[in-house]
Amino acid sequence: MKVRILVRLKPGVLDPQGRAVHHSLDSLGFDGVDDVRIGRMIEMDVADGTSDEALNQMCEKLLANMVIEDFAIEKLSNQAEHA
Amino acid sequence: MAFRAAVITFPGSNCDRDMAVALEAVSGKSALRAWHGDADLPDNLDFIALPGGFSYGDYLRSGAMAAKSPILRAVVAAAERGVPVLGVCNGFQVLTESGLLPGALMRNAGQTFVCRTVDLAAVNSQSLFTSGFEPGEHLRVPVAHHDGNYFADEATLDALEGDGRIAFRYVDNPNGSQRDIAGVLSENGRVLGMMPHPERAIEPAAHASLGGSDGRRLFENVIAGLVAA
């Protein structure tokens with residue numbers, strides 16, 4: 001099973017990278033960008049039947065820093081990935 | 001006093017030797033060394049130091065991988081027994097990632113690696129590490145980091161201030177740290193994490209070009225406190 005994990009800074013946490021990239025987009029002349037936030041995507045191949053609980057634990061113990069980050073787990077169907 | 005200190009080395013640590021040299025210069029005893037993959041620390045330690053550097057290449061997040069290494073389980077257990085632990089720079093990041101200290105160290109607000117000598121204000125003068133400092137006293141200590149921007153939620157910051165757990169503040173904040181925090185103590189005051197490098201400021205004042213000697217006083221505080229205990 002393929003699993004995609006998105007790790008993002010929590011809403012209240014200032015994102016200096018996002019702000020710098022936002023500034024660069026502005027300077028390239030792209031108008032109408034209201035906000036930029038940068039996160040991290042982690043893709044894993046895990047055994048079929050890996051429990052949600054186990055995936056949550058992986059995120060909480062290592063993949064995300066719960067002081068500053070939130071995570072979202074997305075399970076991808078194998079067929080879609082192989083297409 | 002037989003001062004038994006251990007310096008932990010992770011793959012990518014690069015201030016471990018500096019830390020060992022500083023400990024020996026101040027204590028007169030050579031520091032023991034421990035490797036990240038070791039399951040156990042040397043016996044009967046008086047002091048543990050987590051050095052600066054880029055453990056595990058800063059993969060995932062600075063300090064995140066080191067915080068899950070075998071030796072860290074032993075460090076956490078030792079800290080829980082009251083063995084003093086100092087984490088400098090990457091060592092501070094490892095301490096927050098391991099949960100021994102609250103908060104997190106994020107990318108510097110200015111996005112750039114900051115490498116210069118800064119003024120610190122001593123805040124706490126009650127802990128093993130800080131007992132020789134006058135509150136408000138300024139110290140000159142080098143910083144060299146990309147991820148030194150201390151973050152914790154407001155309630156945690158208020159609690160840290162209320163409990164006297166801010167060890168040092170930056171006089172001129174180089175990295176965007178909340179409330180200018182440069183160093184944080186654990187609840188029992190026996191664990192200190194700080195971004196500035198005291199081990200790079202241990203030479204006598206005559207060698208001010210080598211960083212001065214204000215950092216030396218932190219190690220002297222520790223040794224004096226342990227002897228008195």
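**Exercise 1. Strand β9 of chain B**

Task: In this predicted model, decide how far strand β9 (residues 166-170) of chain B is enclosed by the rest of the structure. Then find which strands β9(B) is joined to by bridges.

Solution.
Step 1. Count the buried residues. Four of the five residues of β9(B) are buried, so the strand is largely enclosed by the rest of the structure.
Step 2. Take one partner. β6(B) and β9(B) run antiparallel and are joined by three bridges. Here B:Phe168 of β9(B) faces B:Ala122.
Step 3. Take another partner. β10 (residues 181-185) of chain B also runs antiparallel to β9(B), again with three bridges. B:Gly183 in β10(B) is the bridge partner of B:Phe168.

**Exercise 2. The sheet of chain B**

Task: Give the strand order of the nine-stranded open sheet in chain B, and say which strands stand at its edges.

Solution.
Step 1. Write the order: β2-β1-β3-β4-β11-β10-β9-β6-β7, with mixed pairing.
Step 2. Read off the edges. β2 (32-35) and β7 (138-145) of chain B each have a single partner strand, so one side of each lacks a neighbour in the sheet.
Step 3. Add the twist. On average, neighbouring strands of this sheet are turned by 25 degrees against each other, direction ignored.
Step 4. Look at an inner pair. β3 (residues 47-50) and β4 of chain B run parallel and share three bridges. B:Ile48 has B:Val85 as its bridge partner in β4(B).
Step 5. Check the cover on β4 (residues 85-88) of chain B. B:Val85 and B:Gly87 are buried on one side, B:Leu86 and B:Val88 on the other, and both faces are covered.
Step 6. Place a helix. α1 (residues 16-27) of chain B lies across β1 (5-9), β2, β3 and β4 of that chain. The helix runs at about 170 degrees to β1(B).

**Exercise 3. B:Leu120**

Task: Is B:Leu120 buried or exposed, and which residues does it contact beyond its sequence neighbours?

Solution.
Step 1. Locate B:Leu120: strand β6 (residues 114-122) of chain B.
Step 2. Apply the cut-off. Buried means under 20% relative accessible area. B:Leu120 has 1% relative accessibility, so it counts as buried.
Step 3. List contacts, leaving aside neighbours within four places in sequence. Among them are B:Leu139, B:Val141, B:Phe168, B:Tyr170, B:Met194 and B:Pro196.
Step 4. Compare sequence with space. B:Arg140 is 20 residues from B:Leu120 along the chain, with 6.3 Å between the C-alpha atoms.

**Exercise 4. The sheet of chain A**

Task: Describe the three-stranded sheet of chain A and the helix α2 that lies across its strands.

Solution.
Step 1. The open sheet has the order β2-β1-β3, with antiparallel pairing.
Step 2. β2 (40-45) and β3 (69-76) are the edge strands, each pairing on one side only.
Step 3. The average turn between neighbouring strands is 20 degrees, direction ignored.
Step 4. Eight bridges hold the antiparallel pair β1(A) and β3(A). A:Ile5 is set opposite A:Ile73 in β3(A).
Step 5. Helix α2 (residues 52-63) lies across β1, β2 and β3 of chain A, at about 145 degrees to β3(A).

**Exercise 5. A buried acid in chain A**

Task: A:Asp15 has no salt bridge. Which backbone atom does its side chain reach?

Solution.
Step 1. A:Asp15 sits in the loop between β1 (2-9) and α1 (16-27) of chain A.
Step 2. A:Asp15 is buried, and the nearest side chain of opposite charge, A:Arg37, is 4.8 Å away. The salt-bridge cut-off is 4 Å.
Step 3. The side chain of A:Asp15 reaches the backbone nitrogen of A:Ile38 at 2.7 Å.
Step 4. Beyond four places in sequence, A:Asp15 contacts A:Leu9, A:Val36, A:Arg37 and A:Ile38.

**Exercise 6. Three salt bridges**

Task: How many salt bridges does the structure hold over all chains? Work through the pairs of A:Lys2, B:Glu97 and B:Arg169.

Solution.
Step 1. The total is 15 over all chains.
Step 2. A:Lys2 and A:Asp45 pair at 3.0 Å, N to O. They link β1 and β2 of chain A across 43 residues. A:Lys2 is partly exposed at 23%, while A:Asp45 is exposed at 58%.
Step 3. B:Glu97 and B:Arg61 pair at 2.7 Å. B:Glu97 lies in helix α3 (residues 90-98), B:Arg61 in the loop between β3 and α2 (70-80) of chain B. Both residues are buried.
Step 4. B:Arg169 and B:Glu161 pair at 3.3 Å, N to O. Shared partners join B:Glu154, B:Asp158, B:Glu161, B:Arg169 and B:Arg179 into one network.

Terms used: Residues are numbered from 1 along each chain as its sequence is written. Chains are lettered from A and ligands numbered from 1 in the order in which they are written. This is a predicted model: local features need pLDDT of at least 70, side-chain atom pairs count only at pLDDT 80 or more; totals for chains, interfaces and linings use all residues. Side-chain values use heavy atoms; hydrogens and water are left out. Helices (H or I, at least four residues) and strands (E, at least two) are DSSP runs, numbered from the N terminus. Buried means under 20% relative accessible area, exposed over 50%, partly exposed in between (1.4 Å probe, protein chains only). Lys and Arg count as positive and Asp and Glu as negative; His and the chain ends are not counted. A polar contact is a pair of N or O atoms within 3.5 Å; within protein, one must be able to donate a hydrogen and the other to accept it, and residues adjacent in sequence count only if both atoms are side-chain atoms. Contact means heavy atoms within 4.5 Å. Two strands pair if DSSP finds at least two bridges between them. Axes are lines fitted to C-alpha atoms, for helices over the stretch in contact, and angles run from 0 to 180 degrees between N-to-C directions.
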